[in-house]
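Me: I would like a close look at one part of this model, with the surrounding chain brought in wherever it helps to place that part. Please be explicit about the criteria behind each term.

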Amino acid sequence: MKPIFHHRLINSPFEDPCLYIRILREKRALLFDLGDINRLDPSGLQKITDVFVTHTHIDHFIGFDVLLRALLRRDIPLRIFGPVNIIKGIEGKLAGYTWNLIKEYPLRIEAFETDGNLIRHSGFYAENCFNRIDHEDMPFDGAVLKESYFEVRSVSLIHQIPCLGFSLKENFHINIDKAALNRMGLPVGPWLSEFKKAIRESHDESRIFKIMDKTYTMKELRGIANITEGQKISYIADSSMDKDNIEKIIALIRDSDTLYCEAYFLEEDKERALDRHHLTAKTAGMIAKEASVKNLVVMHFSPKYRGCPDAPEKEAMMEYNKR
Ligand SMILES: [Zn+2]
Ligand SMILES: [Zn+2]
């Protein structure tokens, strides 16, 4: 299976947590948390269409200005999703600059915040000098973003303040059966992308594809596509260790291919973790194991462990691999 999401952390675990996900075959990327993103090159920044912010503590939101500056002349909108208050946070950041010379610029920022019941939507558009425009509320059914072939779900966690956990899931994965393709005498080519797109968008069976001067219906071509479980990547940043949070996280991230999870403190500093509303590395390992996650990546370590940089991962993996 060729995964469609290519994912990586931008920074080291002692720096701001930011997960960058490239969508294969699209000039597009998703970003989970908006901390320091200076390591992204201009083309990496240009691809970002959607940003998912867990909460607006400075280590998760300070990259807003860098992204804004990079995208000012882009005509593709930027969508930002976050917890309650993110609209106010964006408005506050934009209010820190003077915008009298940007009316010709195309950038449109669509901001969405959820309290777990509904999604509030406001727009900030360059043509309107980034003054806030409120749109209608939408009901929230667990997904903050739904696209034709993937969705992003969120849960509202407690980190003394509301903090969102996110999970990105491809609806299903389409593998082209090369042997079946050969049997039908069909060539590999751009038509396959069209075909896959049609499956994702569930076009009717009579849709026609023209391949090398011959025509085929969707129904005739069905046999070349193997449909398998889609890719799932989850992202959990700052969260208190209370029972309710942990249950919500496990339900959200169940069976993820990869989980990115904070491991801010070691278990020996559990009191500190409870006091600062963070997870311990051991808890991160336990959560990943309970949720049958296939691959755990721990991130966001307290600077206190710089002298023993491997300790958080070691502790998390010990718990995760426990049988
Ligand atoms: Zn925080
Ligand atoms: Zn943090």
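Which residue in β11 does alanine 143 stand opposite?

Reply: Alanine 143 stands opposite arginine 153 in β11. Before I build on that pair, note that this is a predicted model, in which local features need pLDDT of at least 70 and side-chain atom pairs count only at pLDDT 80 or more, whereas totals for chains, interfaces and linings use all residues. Residues are numbered from 1 along each chain as its sequence is written, while chains are lettered from A and ligands numbered from 1 in the order in which they are written.

Alanine 143 opens the view onto two neighbouring hairpins. Strand β10 (residues 143–146) runs antiparallel to β11 and is joined to it by three bridges, where strands are DSSP runs of E with at least two residues, helices are runs of H or I with at least four residues, and both are numbered from the N terminus. Two strands are said to pair if DSSP finds at least two bridges between them. The hairpin that β10 and β11 form has three residues between its strands.

On its other side in sequence, β11 pairs with strand β12 (residues 161–170), again in the antiparallel sense, over ten bridges. Serine 154 of this pairing has phenylalanine 166 in β12 as its bridge partner. The hairpin of β11 and β12 leaves one residue between the strands, and glutamine 160 takes a positive phi near 70° there.

As for the setting of β11, seven of the ten residues of this strand (residues 150–159) are buried, so β11 is largely enclosed by the rest of the structure. Buried here means that 20 or more other C-beta atoms lie within 10 Å of a residue's own, exposed means 12 or fewer, and partly exposed lies in between, with C-beta atoms placed from the backbone. Across the protein chain, buried residues make up 35% of the 323 residues.

The wider frame can now be drawn around these strands. The protein chain holds eleven helices and 19 strands. Its radius of gyration, taken over C-alpha atoms, is 22 Å, close to the 20 Å that the globule rule gives for 323 residues, so the protein chain is as compact as a globular protein of that length; the rule itself is 2.2 Å times the number of residues to the power 0.38. The C-alpha trace spans about 70 × 60 × 35 Å along its principal axes.

By an automatic or database domain assignment, the protein chain is divided into domain 1 (5–170 + 232–320) and domain 2 (172–229). The contact between them takes four residues from domain 1 and five residues from domain 2, two residues being in contact if their C-beta atoms, placed from the backbone, lie within 7 Å. The C-alpha centres of domain 1 and domain 2 lie 35 Å apart.

Two other parts of the protein chain can be set beside the hairpins of β11. Strand β1 (residues 5–9) pairs with strand β2 (residues 19–23) in the antiparallel sense over five bridges, with arginine 8 opposite tyrosine 20 in β2. In turn, β2 and strand β3 (residues 28–32) pair in the antiparallel sense over five bridges, and leucine 19 stands opposite phenylalanine 32 in β3. The hairpin of β2 and β3 has four residues between the strands, and arginine 25 in its turn has a positive phi of about 65°.

The second part is helix α10 (residues 281–290), which is mostly covered, with seven of its ten residues buried. The buried residues of α10 include Ala281 and Ala284, and what covers the buried residues of this helix includes α8 (243–253), β18 (258–262), β19 (296–299) and α11 (311–320). Just after α10, serine 292 takes a positive phi of about 55°.

The largest nonpolar core has 68 residues, and among those with the most contacts inside it are Leu31, Ala263 and Ala284; such a core is a set of buried Ala, Val, Leu, Ile, Met, Phe, Trp, Tyr and Cys residues joined through C-beta atoms within 7 Å. Alanine 263, leaving aside its neighbours within four places in sequence, is in contact with residues including Ala281, Ala284 and Val298.
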